[in-house]
Amino acid sequence: MKVSFFETGRYPVPADIPREWPVPSGAYDPAVGAKAYQGMVERARFVQKLGFDWISLSEHHYSPRILTPSPPLSAAHLASHVEGIKIALLGPIVPVSNPIRVAEELAMLDTMLPGRFVFGLLRGTTNEYLSYDLNPKEARERTDEGMELILKAWSEPQPFGWQGRYFQYRTVSIWPRPQEQSQRPTYALGVSAEAADFAARHRLGLGVSYGNVELMAKSTGYYRQRCTEYGWEPGPDDIIWRANMILGETDEAADAALERRSAQSQAPFPIGARLRSALIEQDKRNVGGEKRPANVGGILPISFCGGPDRVIKQIKEAREKIGVGVLDLSLADPGGGDTDAMMSKIELFGKTVLPRIREI
Amino acid sequence: MAEAASSPPPNGATPREGNVEADGFRIRYREAGEGTPLVHLHGAGGLRWSPAHDLLARHFRVIAFEMPGFGDSPENTQTRTMAEYAATMTRAADALRLDKFNLWGTSFGGKTALWLAAQAPERVLALVLESPAAIRPENFAIPAGTPEEMARRLYGHPERLKSIPVADPAIRAKTQPLVNRLLAPPRDAELEARMATMETPTLVLFGTLDHVIPPEMGRHYKALMPNCHLVLVYDAGHVIGAERPEAFSEVVEDFLERHEAFLISRTETLIHP
């Protein structure tokens, strides 16, 4: 089992900051922001030393909860300060992006430091459609087309035009180009049937996130079935699961922490209730083809909870049922909490769990 | 199922029909629109008037020939090579007194169109090759099978189409030897040598879901021909003009009007003046 640490650019949030998304940017403190970005580097060095395989990044906007609106810039920042550890961009939100720009920026990273980066392409969480004025009804199709175009821009050796539904370019011919697909781990991200279909058709990995083992297994089961239909079999490294973990010195300590967290009903910086309802109504989601409502601003589930022994048992179960070979972990909720306490959990994980899950 | 050709053009005009004589063949054609002529040479399935013809007929005089041996015409055992076939079609254009014209070839007709442009470059203003079959992979096979199997090979999303024309088995049996004879071999060295010196502005289009000829074949045209542009039509199969007619006709019309300058965007992005 490979392990990745989900880095969120932790910005220490003052108690008096407005709590509704979008958070007024006037409340932003540049000195604190600079320190948060320095913290990213320190954590990357720390998890690398502990033996983590990857550090992962995401794209979120307009709040201090996750301070990384540009995955390629976040990745370049980390790569220029930390050697060795792989950096996973999970990933650019395709439907709100210029796909050619995404293709070029990821190709630049892959050229600057071949083999250091892992690329994931995704539709994104529902609330992010508000950031760049994306119509939720177009999100799915824009994602599918954008991902197709990115792969084509990476692979087509001759200049070509693209006559799409949502994207049109009269000529495309990117420089630099990335390495061959076999040398450049690439994933479609999402639990939907569409993400799994796309990944299977293009021989890409699949990254799923949050939810319980049964739901994730439904999504990856569908993915593996589609891969078989396309004539190939994914390996463990082809499946990433981004998940939350509460790790304690003992099961009792972890359970108590879970109980405290369960009292929360919303993630930090939620969207207003009426807007949230309107968004959920307009967004269509599914897990492996089965309809599911979108999670907009709700707390994300805890997938692993316990002391080291129990957590290792849960990881074994995940390996068996989901087929996951890369765990992308959060050991504390972004946007709140005590970073020092989180660091001690990371250390506990690195010393008591990580060495014992290598062979899983 | 009804053929797409039975639906009236969006501008309300019904294509006119006529016949011309060339090389001893009686050649049927359908025609609509006014302006600079745009001659269309169909694929191995024969002449089918598609929504793309209607859209292009708003800006061009579209003339779609039914090439000798297809449709209700007698079996064509006379034509031995694609070069001969192209010469016959040039004479069909002569019979309509078309001096200079734009030329659009689909799949099998794409190879005919290339030969025609190679033989009479002074006549062809610009060339549009829709899923052309002039360069094919070694394992290429002409679509065959049940109507459902044919539909899955020809279209990216057959389930989205209101109607799919079904090939008449008797016509298919009649045209198959002609198609096999004129298409072979997968790479035509003589034609490719001519393509390398062809100055005609050329637009090659492939659907990203083409299951007949892989869209990757498009790059060979781009690499070979000095004045060639390649466009990939997202989510379309082999019959692009039927499956994504608006996307197809928009870029074709722009290219025929502006040639290389079609690369310069005219899309306006101003939201509120």
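Helices and strands here are DSSP runs, a helix having at least four residues and a strand at least two, numbered from the N terminus. With that in hand, a residue can be placed by the elements around it. A:I66, for instance, sits in the loop between β2 (54-57) and α2 (71-81) of chain A. We will come back to this residue.

The model is predicted. The predictor gives the complex an ipTM of 0.94 and a pTM of 0.95.

Start with chain A as a whole. Its secondary structure consists of 10 helices and 13 strands. The radius of gyration is 20 Å, close to the 21 Å that the globule rule gives for 360 residues, so chain A is as compact as a globular protein of that length. The C-alpha trace of chain A spans about 60 × 50 × 40 Å along its principal axes. Of its 360 residues, 46% count as buried. Take the contacts in chain A with a separation of 6 or more: 75% of them join residues 24 or more positions apart.

Now go inside, to strand β4 of chain A, residues 117-122. Six of its six residues are buried, so the strand is largely enclosed by the rest of the structure. In a regular strand, side chains alternate between the two faces of the sheet. Both faces of β4(A) are covered. On one side, A:F117, A:F119 and A:L121 are buried. On the other, A:V118, A:G120 and A:L122 are buried too.

Which strands pair with β4(A)? One is β3 of chain A, residues 86-93, which pairs with β4(A) in the parallel sense over five bridges. Here A:A88 has A:V118 of β4(A) as its bridge partner. Another is β7 of chain A, residues 186-189, parallel to β4(A) over four bridges. In this pairing A:F119 is matched with A:T186 of β7(A). A helix also belongs to this part of the chain. Helix α3 of chain A, residues 99-112, joins β3(A) and β4(A) in a right-handed β-α-β unit.

Move on to helix α5 of chain A, residues 193-201. Its buried residues are A:A195, A:A196, A:F198, A:A199 and A:A200. What lies over them? The cover includes α4, β7, β8 (205-209) and α6 (213-229) of chain A. So β7(A) appears again: it pairs with β4(A), and it helps to cover α5(A). Just after the helix, A:R203 takes a positive phi of about 55°.

Return to A:I66 in its loop. Why does this loop residue count as buried? The cut-off is 20 or more other C-beta atoms within 10 Å. A:I66 has 21 within that distance, so it is buried. Some of its surroundings come from elsewhere in the sequence. A:R10 is 56 residues away along the chain, yet the C-alpha atoms of A:R10 and A:I66 are separated by 6.6 Å. Beyond its neighbours within four places in sequence, A:I66 is in contact with A:T8, A:G9, A:S58, A:H60, A:P334 and A:G335.

Next comes the meeting of the two chains. The contact takes 15 residues from chain A and 16 residues from chain B. On the chain A side, α4 (136-155), β5 (160-163) and β6 (168-172) each supply at least two residues. Which of the elements gives the most? β5(A) does, with four residues. By class, the side of chain A that touches chain B has four nonpolar, five polar and six charged residues.

Strand pairing crosses between the chains as well. β5(A) and strand β8 of chain B, residues 228-233, pair in the parallel sense over three bridges. A:Q163 has B:V233 of β8(B) as its bridge partner.

Finish with chain B itself. It has nine helices and eight strands. A compact globule of 273 residues would have a radius of gyration near 19 Å; chain B has 17 Å, which agrees. Its C-alpha trace spans about 65 × 40 × 40 Å along the principal axes. Buried residues make up 49% of the chain. Of the contacts in chain B with a separation of 6 or more, 72% involve residues 24 or more positions apart.

The average pLDDT of chain B is 93, and 95% of its residues score at least 70. One stretch needs care. Over residues 1-9 of chain B, pLDDT stays under 50. The model has 19 contacts beyond four places in sequence for this stretch. Where pLDDT is low, the predicted coordinates should not be read in detail.

Note on methods
Residues numbered from 1 in each chain as written. Chains lettered and ligands numbered in written order. Predicted model: local features only at pLDDT ≥ 70, side-chain atom pairs only at ≥ 80, totals over all residues. Buried ≥ 20, exposed ≤ 12 C-beta atoms within 10 Å, placed from the backbone. Pairing = 2+ DSSP bridges. Right-handed = clockwise from strand over helix to strand, strands pointing away. Contact = placed C-beta atoms within 7 Å. Nonpolar A, V, L, I, M, F, W, Y, C, P; charged D, E, K, R; others polar. Rg over C-alpha atoms; globule rule 2.2 N^0.38 Å. pLDDT = per-residue confidence, 0-100.
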